[in-house]
Amino acid sequence: MTSRTASIVRKTNETDIRVEVNLDGTGQYEIETGVGFFDHMLEQLSRHSLIDVKLICKGDLHIDQHHTVEDCGIALGEAIHKALGEKRGIRRYGDALSPMDEALTRVALDISGRPFMVWKVSIPQPKLGEMDTELFPHWFHSFAGSVGMTLHIEQLSGENSHHIIESCFKGLARALRTATEIDQRKADSVPSTKGVLGG
């Protein structure tokens, strides 16, 4: 099987990011963004998707976290998009119900080449650690756009902000694992009647 790996370097006046991914990994990670809670969430994404991720970001955190969070979503999404190549053999669709104590999140996605996001999540706290929680929907939107996927995230229950957000990331991870896996019955085919997935 062709190696499904990719590296991305994204450098602007606001951030300097280096990303490496292996879609057929075991969930190994090395994450450094300078934002502790954000690191924790990206580690969950890697571990539960089984996608190996190395992501090192040096951002303008002296201003705020916005550029770092947004650009990490873009760069990680670009790396996964690149590693998918023509998307031959992938299952394409994935979904997961992700419980964490009182919180329950439903995630569904389609690696269609048509970026779109629906976000129905309410986060009670404005911060988790040093992380501004208003940036989470922005991260998911940036990530979905760069991968080229339709992404729906819906909170079914939850009161604790940490639990709610972590269930979102774990749900995304499990759905992404399913969608990016190779279906051996169609390993040489692009999963579309058009013969191509956009992007």
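## Loops, helices and a four-stranded sheet

Lys-87 sits in the loop that links helix 2 (66–84) to strand 5. The model is a predicted one. Phi of Lys-87 is near 70°, a positive value in a residue other than glycine. Most residues other than glycine have a negative phi. Lys-87 counts as buried because its relative accessibility is 2%, and buried means under 20%.

Arg-92 belongs to the loop between helix 2 and strand 5. Its phi is positive too, at about 75°, although Arg-92 is not a glycine. Arg-92 has 9% relative accessibility, so it counts as buried.

Leu-50 is found in another place, the loop between helix 1 and strand 4 (52–59). Is Leu-50 buried, partly exposed or exposed? At 27% relative accessibility, Leu-50 counts as partly exposed, because that class lies between under 20% and over 50%.

The three loop residues are set out here.

| Residue | Loop | Relative accessibility |
|---|---|---|
| Lys-87 | helix 2 to strand 5 | 2%, buried |
| Arg-92 | helix 2 to strand 5 | 9%, buried |
| Leu-50 | helix 1 to strand 4 | 27%, partly exposed |

Which residues does Leu-50 touch, leaving out those up to four places away in sequence? They are Asn-22, Leu-23, Asp-24, Gly-25, Thr-26, Gly-27 and Arg-177. Leu-50 and Ser-161 are 111 residues apart in sequence, and their C-alpha atoms are 25 Å apart in space.

**The helix pair**

Helix 1 covers residues 36–49 and helix 4 covers residues 161–180. The two pack at an angle of about 30°, and their axes are 7 Å apart. The crossing of helix 1 past helix 4 is right-handed. On the helix 1 side, the contact uses Phe-37, His-40, Met-41, Leu-42, Gln-44, Leu-45, His-48 and Ser-49. Helix 4 brings residues including Ile-165, Phe-169, Leu-172, Ala-173 and Arg-177. By type, the contact residues divide into 8 nonpolar, 5 polar and 4 charged. Arg-177 of helix 4 thus appears twice, because it is in the contact with helix 1 and also touches Leu-50, with contact meaning heavy atoms within 4.5 Å.

**The sheet**

An open sheet holds 4 strands in the order 5-6-10-7, and its pairing is mixed. Which strands lie at the edges? Strand 5 (93–100) and strand 7 (116–120) do, each pairing on one side only. From one strand to the next, the twist averages 10°. Strand 5 pairs with strand 6 (residues 103–110) in the antiparallel sense, over 8 bridges. Asp-95 has Ala-108 of strand 6 as its bridge partner.

Helices pack on this sheet. Helix 3 (residues 136–147) touches strand 7 and strand 10 (150–157). The direction of helix 3 makes about 160° with that of strand 7. Helix 4 lies across strand 5, strand 6, strand 7 and strand 10. It runs at about 150° to strand 5.

**The core**

The largest nonpolar core has 55 residues. Which members touch the most other members? Val-21, Leu-55, Leu-76, Ile-80, Trp-139, Met-149 and Leu-151 do. Helix 4 gives the largest share of this core, 9 residues.

Leu-76 shows how this looks in detail. Beyond residues up to four places away in sequence, Leu-76 touches Val-19, Val-21, Leu-42, Leu-45, Val-53, Leu-55, Trp-139 and Phe-143. Two of these, Leu-42 and Leu-45, are also in the contact of helix 1 with helix 4.

How values were computed: Residues numbered from 1 in each chain as written. Predicted model: local features only at pLDDT ≥ 70, side-chain atom pairs only at ≥ 80, totals over all residues. Heavy atoms only, no water. Axes fitted to C-alpha atoms, helices over the stretch in contact; angles between N-to-C directions. Left-handed = near helix turned anticlockwise from the far one by under 90°. Nonpolar A, V, L, I, M, F, W, Y, C, P; charged D, E, K, R; others polar. Core = buried A, V, L, I, M, F, W, Y, C linked by side-chain atoms within 4.5 Å. Buried < 20%, exposed > 50% of the residue type's maximum accessible area, 1.4 Å probe, protein only. Pairing = 2+ DSSP bridges.
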